[in-house]
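Good morning, everyone. Please look at the screen while I walk you through one protein.

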Amino acid sequence: MKFLKGSRDEFEKLKDENSWDDKADIIQRQMAEVFGAKNLSFLLGSGCSSFWHGEMERGIPTMKFLAEEFQTLLAAEPAADPAQVFVSPAQKTELRDKLGIDLSANDLKDNLEQMMAVLINAHLFCKTSDKEELNSLTPLVENTITGIKRFVLHKCTNGPFASGDESVVALYRRFYQALTTRARGLAPPWVFTTNYDLFNERAMDRSGVSYSNGFSGTVERRFNPATYRLALAEQLDITSRRWAAIDGFVHFCKLHGSVNWFEESAGLYPIRESHAPLDPSKDRVMIYPTPSKQTASFGSPYADMFREFQRQVVQDQSVLVILGFSFGDEHVSNIIFQGLSLPSFRLVAFMDPETNDITRELAALGDPRIWFIWGDGKEAGKKAHYFDGVVNQLLPTSADQKIDQTIEKALQTLLVKQQDGGNG
């Protein structure tokens, strides 16, 4: 396990006999100090909702694995269930023969974003063409784009997590339990995510965490950015009307939208939360993985949420903790870079600095305000910087959780001694 603060290795002075747990304790203490920051924010990426356990994906695959699965479906025979056919073999063949677009070409098969970019450009070309043979292909391209959107939405709403598997929700619940260690009187933390899924909301609901997600109302919950300026308070004294903000409150922001959002006809608050399944061919549900993500983020409600993200990052004494995000979204990364231009901003990234060119450049700055934490996890085959490793071993814990962990370690020690004793 590695821990860099700028160019300084925090584990450099440790002796060889120091265990993995010793290093984890150092990170926990440092993160406890981070949790005491005046303005604390988290950015959760797709890696947080992907959780492999027992050779099986329990959550939602990251973009790389989504692309691989999409190619597998393209190569397979048509499914008996039409709902499972996202792009038919006939569509794929017609695209290749009439437009020269091969969805399984080397420069497309590993990148859904690049595939969508090609199709969106082809759609614009066909739609504006004066030639009837090209203009007539517009529905084909539209249906293919919709099929890819349906596939992404399907993967975000179906899986073991939709059939009773609580593995991923349990990880998110531990994450929000860690946030309760934040001292009283500090501003509520902000949690920003680029994910479309509902793991955060389910975790907070089941843990009794009070949060604001930008929506107001009961029967018809509509997006109203003014709710982010409100606080939840409890009345301490009825006679003197004394109030105090409740502890454990969280501001929650979904930068790319959600699987349960849809847009109604134009109005003051047109974005609503839905309890019914949505159709990506009719509803503007999410910002899909396309090169137009940055442009899409300029519209409501995304512009409002990105404004909150920017406002939080550039505040005085602001700390941003990154989990499962690899700087793949330029419009998100640019705001983080703005924060780094301020002397009081700190960035804590749970990732390998060799992940990509951007992380290598950040590490090369040698800036002590930029922390990288990564490496092997406590168990073989696990990574410390993966979401499960972070929430289970590296985030600060409350007093009650520490007692539970101490009891668990003591019982494990007793069990080992019992087995070593040879008496069963």
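I will go from the overall picture to the pocket, then to some helices, two backbone oddities and a cavity.

First, the ground rules. This is a predicted model, in which local features need pLDDT of at least 70, side-chain atom pairs count only at pLDDT 80 or more, and totals for chains, interfaces and linings use all residues. Residues are numbered from 1 along each chain as its sequence is written, and side-chain values use heavy atoms, with hydrogens and water left out.

Now the overall picture. The protein has 15 helices and 15 strands. Both are DSSP runs, numbered from the N terminus: helices are H or I with at least four residues, strands are E with at least two. Of its 424 residues, 46% count as buried. Buried means under 20% relative accessible area, exposed means over 50%, and partly exposed is in between, with a 1.4 Å probe and protein chains only. A contact means heavy atoms within 4.5 Å. Among contacts with a separation of 6 or more, 68% join residues 24 or more positions apart. The exposed surface comes to about 21,600 Å², and carbon and sulfur atoms supply 51% of it. Those areas come from the Shrake-Rupley method with a 1.4 Å probe; for residues, only the protein chains shown count as cover.

Next, the open space. How much space lies in the largest pocket? About 1,500 Å³. The search runs on a 1 Å grid over the protein atoms alone: a pocket is an open set of points with protein on both sides within 12 Å along at least five of seven lines, a cavity is a set where a 1.4 Å probe fits but cannot get out, and lining residues have an atom within 4 Å of a point. Points are joined across faces, edges and corners, and a volume is the space filled by probe spheres set on them.

The pocket lining has 48 residues, and nearest the centre lie Ser46, Gly47, Thr62, Met63 and Gly324. Helix 2 (63-75), helix 5 (112-128), helix 7 (138-157) and helix 14 (387-394) each give two or more residues. Helix 2 has the largest share, with five. By class, the lining divides into 22 nonpolar, 16 polar and 10 charged residues. Here Ala, Val, Leu, Ile, Met, Phe, Trp, Tyr, Cys and Pro are nonpolar, Asp, Glu, Lys and Arg are charged, and the others, Gly among them, are polar.

On to helix 3, residues 89-99. Gln91, Lys92 and Leu95 are buried there. They share one side of helix 3, because they cover an arc of only 100° around the axis. That arc is taken from the directions from the helix axis to the C-beta atoms. Ala90, Asp97 and Lys98 are exposed on the other side. The cover over the buried residues includes helix 2, helix 5 and helix 7. Just after helix 3, Gly100 takes a positive phi of about 70°.

Helix 14 is another story. Why is helix 14 described as largely enclosed by the rest of the structure? Because six of its eight residues are buried. They are Phe387, Asp388, Gly389, Val390, Val391 and Leu394. Their packing partners are helix 1 (20-34), helix 8 (167-179), strand 13 (318-323), strand 14 (346-350) and strand 15 (370-374).

Take Leu394, at 0% relative accessibility. Beyond residues up to four places away in sequence, Leu394 touches ten residues' worth of company, including Met1, Trp20, Ile27 and Phe350. Leu394 and Asp21 are 373 residues apart along the chain, yet their C-alpha atoms are separated by 9.7 Å.Now the backbone oddities. Most residues other than glycine have a negative phi. Gln317 has a positive phi of about 55°. Gln317 sits in the loop between helix 11 (302-313) and strand 13, and is partly exposed at 43% relative accessibility. Phe327 also has a positive phi, near 65°. Its loop runs between strand 13 and helix 12 (330-340). Phe327 is buried, with a relative accessible area of 4%.

Phe327 is also one of the contacts of Thr359. Thr359 lies in helix 13, residues 357-364, and is buried at 0%.

Last, the cavities. The whole structure holds two of 30 Å³ or more. The largest has a volume of about 40 Å³. Its lining includes Leu4, Leu362, Ile370 and Phe372. Helix 13 and strand 15 each give two or more residues to that lining.

That is the tour.
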